[in-house]
Amino acid sequence: MDFRYSDEDEEFRTEVREWLRENLAGEFAAAVGTGGPGSEHEHFEIRREWERRLGEGGWIGLDWPKEYGGREATLMQQVIFGEEYARAKAPGRVNHMGENLLGPTVLAFGTDEQKARFLPPIARGEELWCQGYSEPGAGSDLAGLRSTAVRDDETGDWLISGQKVWTSLAHEADWIFVLARTEAGSTRHKGITFFLAPMDQPGIEVRPIVQLTGTSEFNEVFFDGARARPEHVVGQLGQGWGVAMGLLAFERGVSTLAQQIGFELELQAVIDRAKDNGAIDDPILRERLLQAWIDLKVLRCNALRTLGSPDPGAPSVAKLVWGTWHQRLGTLAMDVGGVDSTLAAEFPYELTEAQRLFLFTKSDTIYGGSNEVQRNIIAERVLGMPREPKGEAK
């Protein structure tokens, strides 16, 4: 694949830059540079309104068909938008789950009716989504999920019961895509169905989980007979595992390249601080900063190399390396600050940017599939090594 930008691509880049410059003003100026990992609570209402502004500009679902609100943009144009969005320090997006996960999944597995119902409101920035995958005891090993759904014979609706955990922005979401077992006695990957359900209904309770950073971007979600309509089943009944795995494949790709622009900005802030406080003169810290810069360039090259690749190990390699890199950056940010890194930004205690980065990045090697799980996937699916033996049931 040719990764050089064409004249048309550069025209598109200019369009993106100019639109962002014109629109990141007024009420939206206050949200510039906010809402990143660990700071999803910042200026949330402004950022939700910003999502609608993006929809008005046609910047959501760039590669989607025009009939559903997209632009049918090329892969390189999607990369350009992500890069320019990150460079402009535009507000952290509030509907990653809807645009980058559910949208492509509905396009790939949904009915025409589902596409017409759910894609346009996402493209307009009107409906927010959250993800109902992980459960207590079924996080990295998602096939161990125990939530169930039974049919209401009178209405035909499915009644979902169970518990989900680590559900990002569930307290703000309008809808949830959720996995539940619809076949009694089924185990592992069998008998799971992929549902779409509204969050504002009886039978759903959301409880925030407070993180190390003191904020609570994700939640526990309890289902007690919550309803999902029969026409809101994506794919076939009992065949939801394939849909779920298809969705996870969409989580990588173009968004990773935009994420790396954010990483680049974070690294530059650490370098600037090292220059300001003299830490750059320490040969060990200087070498670590240089190595972080080199490794980030390697991450980008790998992301470009595997963009659109069918390689089954590419997503796991990407998650493993960027999660580890970002966590090391958090540690490096604290080390560059020295003793001052332990001081509060203000009183009452407020985390500094370095402290927030350090604390939040502890989760990078856990969420989205832990490092251990990614290494198992690479070993088994790429290197062809024997599967990890399972412990005997007790």
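## Salt bridges and packing around helix 1

The side chains of R13 and E83 meet in a salt bridge, with 3.6 Å from N to O. In this text a salt bridge is a side-chain nitrogen of Lys or Arg within 4 Å of a carboxyl oxygen of Asp or Glu. R13 sits in helix 1 and E83 in helix 3, so to speak distant parts of the chain, 70 residues apart.

A word on the model: it is predicted, so local features need pLDDT of at least 70 and side-chain atom pairs count only at pLDDT 80 or more, while totals for chains, interfaces and linings use all residues. Residues are numbered from 1 along each chain as its sequence is written, and side-chain values use heavy atoms, with hydrogens and water left out.**Exercise 1.** Work out whether R13 and E83 are buried or exposed.

*Solution.* Start with the cut-offs: buried means under 20% relative accessible area, exposed over 50%, and partly exposed in between (1.4 Å probe, protein chains only). By that scale R13 is buried, and E83 is too. Next, look at the wider set: E10, R13, R17, E83, E84, R87 and R300 are linked in a network of salt bridges. For the whole model, the count comes to 22 salt bridges.

**Exercise 2.** Find the salt-bridge partner of R17 and compare the two residues for burial.

*Solution.* First, the partner is E84, with the closest N and O atoms 2.8 Å apart. Second, place the two: R17 lies in helix 1 and E84 in helix 3, so this pair ties together parts that are 67 residues apart in sequence. Third, check accessibility: R17 is partly exposed at 43% relative accessible area, whereas E84 is buried at 4%. As background, side chains of opposite charge can pair when their charged atoms come close.

**Exercise 3.** Describe how helix 1 and helix 3 pack.

*Solution.* Begin with the elements: helix 1 covers residues 7–23 and helix 3 covers residues 75–87. Helices (H or I, at least four residues) and strands (E, at least two) are DSSP runs, numbered from the N terminus. Now the geometry: the two helices pack at an angle of about 35°, and their axes are 9 Å apart. Axes here are lines fitted to C-alpha atoms, for helices over the stretch in contact, and angles run from 0 to 180 degrees between N-to-C directions. The crossing of helix 1 and helix 3 is right-handed, meaning that the near helix is turned clockwise from the far one by less than a right angle. Finally, list who touches whom, with contact meaning heavy atoms within 4.5 Å. Helix 1 brings E8, D9, F12, R13, V16, R17 and L20, and helix 3 brings M76, Q77, I80, F81, E83, E84, Y85 and R87.

**Exercise 4.** Trace the salt bridge between E15 and R71.

*Solution.* The side chains of E15 and R71 meet at 3.4 Å, N to O. E15 lies in helix 1 and R71 in the loop between helix 2 (44–57) and helix 3, so the pair ties together parts 56 residues apart in sequence. E15 is partly exposed at 37% relative accessible area, and R71 is partly exposed at 26%.

**Exercise 5.** Pick out residues other than glycine that have a positive phi, and locate them.

*Solution.* One of them is W166, with phi near 60°; W166 is found in strand 3 (residues 158–168). Another is L169, with a phi of about 55°. L169 belongs to the loop between strand 3 and strand 4 (175–181), and it counts as buried at 14% relative accessibility.
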